[in-house]
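I opened my notebook for a look through this model. Here is what I looked up, entry by entry.

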Amino acid sequence: NQSSGINAEYGTVLFGEYLSHLIWGAAATTLMSKILAVALIVTLGVLNIVGVNVTAKVCTVASVLKVAVVGFLIACGGAVVIRGQGVISNFDPSLSFSGSSTNPAEYGL
């Protein structure tokens with residue numbers, strides 16, 4: 001399927017962009033992002049050549065790490081609420097969406 005390949009490539013480039021900004025911050029360039037994306041594709045390709053079982057284990061570890069990070073963020077949010085340090089005004093809809101449109105067509109749907 002052609003479209004799934006395009007989506008995977010875009011996702012890899014996007015991941016490379018995020019990772020380059022995480023590593024180099026504001027000094028990250030588009031070239032650095034693309035180099036990281038290519039490195040990721042090559043790494044996953046080599047893992048597939050070594051064996052599909054190895055790749056499956058890597059994907060499992062990555063999934064466990066993602067779930068752990070989400071759990072950590074939820075725990076941190078819970079700790080802020082329990083300590084009473086949260087600011088409820090951050091959730092005021094009039095402040096959160098001020099200046100935004102209520103017309104869905106303006107958002108490119």
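**Entry 1: Leu-19.** I began with Leu-19, which sits in helix H1, residues 2-24. Is Leu-19 buried, exposed or partly exposed? Its relative accessibility is 25%, and partly exposed covers what lies between under 20% for buried and over 50% for exposed, so I noted Leu-19 as partly exposed. I should add that I am reading a predicted model. I also looked up how Leu-19 stands to Ala-37: the two are 18 residues apart in sequence, and their C-alpha atoms are 9.1 Å apart in space.

**Entry 2: the chain as a whole.** Next I stepped back to the protein chain, where I counted 4 helices and 0 strands. Along the sequence the pattern reads α-α-α-α. How much of the chain is buried? Of its 109 residues, 9% are buried. I put the accessible surface at about 8,900 Å², and carbon and sulfur atoms account for 70% of that.

**Entry 3: H2 against H3.** Two packed helices are described by the angle between their axes and the distance between the axes. I looked up both for this pair: the axes of H2 and H3 come within 5 Å and cross at roughly 130°. That angle makes H2 oblique to H3, because it falls outside the roughly perpendicular range of 65 to 115 and is not over 145, where roughly antiparallel begins. Which residues make the contact? On the H2 side I listed Leu-47, Asn-48 and Val-50, and on the H3 side Val-52, Val-54, Thr-55 and Val-58.

**Entry 4: Thr-55.** I stayed with one residue of that contact, Thr-55, which has its place in helix H3. Its relative accessibility is 11%, and buried means under 20%, so Thr-55 counts as buried. Setting aside neighbours within four places in sequence, I found Thr-55 in contact with Leu-47 and Asn-48.

**Entry 5: a nonpolar patch.** My last stop was the surface, where Val-38, Val-42, Leu-44, Val-46, Val-50, Val-54 and Val-58 form a nonpolar patch. Together these residues have about 540 Å² of accessible area. Which helices each supply at least two residues of the patch? I wrote down H2 (30-50) and H3 (52-83). The largest share, 5 residues, comes from H2. One patch member I checked singly was Val-50, found in helix H2. Val-50 has a relative accessible area of 58%; exposed means over 50%, so Val-50 is exposed. I marked Val-50 twice in my notes, as a member of the nonpolar patch and as part of the H2 contact with H3.

Methods
Residues numbered from 1 in each chain as written. Predicted model: local features only at pLDDT ≥ 70, side-chain atom pairs only at ≥ 80, totals over all residues. Heavy atoms only, no water. Patch = residues over 30% accessible without salt bridge, like charges linked within 9 Å, V, L, I, M, F, W, Y side chains within 5 Å. Areas by Shrake-Rupley, 256 points an atom, 1.4 Å probe, with all protein chains shown as cover. Salt bridge = Lys/Arg side-chain N within 4 Å of Asp/Glu carboxyl O. Buried < 20%, exposed > 50% of the residue type's maximum accessible area, 1.4 Å probe, protein only. Axes fitted to C-alpha atoms, helices over the stretch in contact; angles between N-to-C directions. Parallel < 35°, antiparallel > 145°, perpendicular 65-115°, else oblique. Contact = heavy atoms within 4.5 Å.
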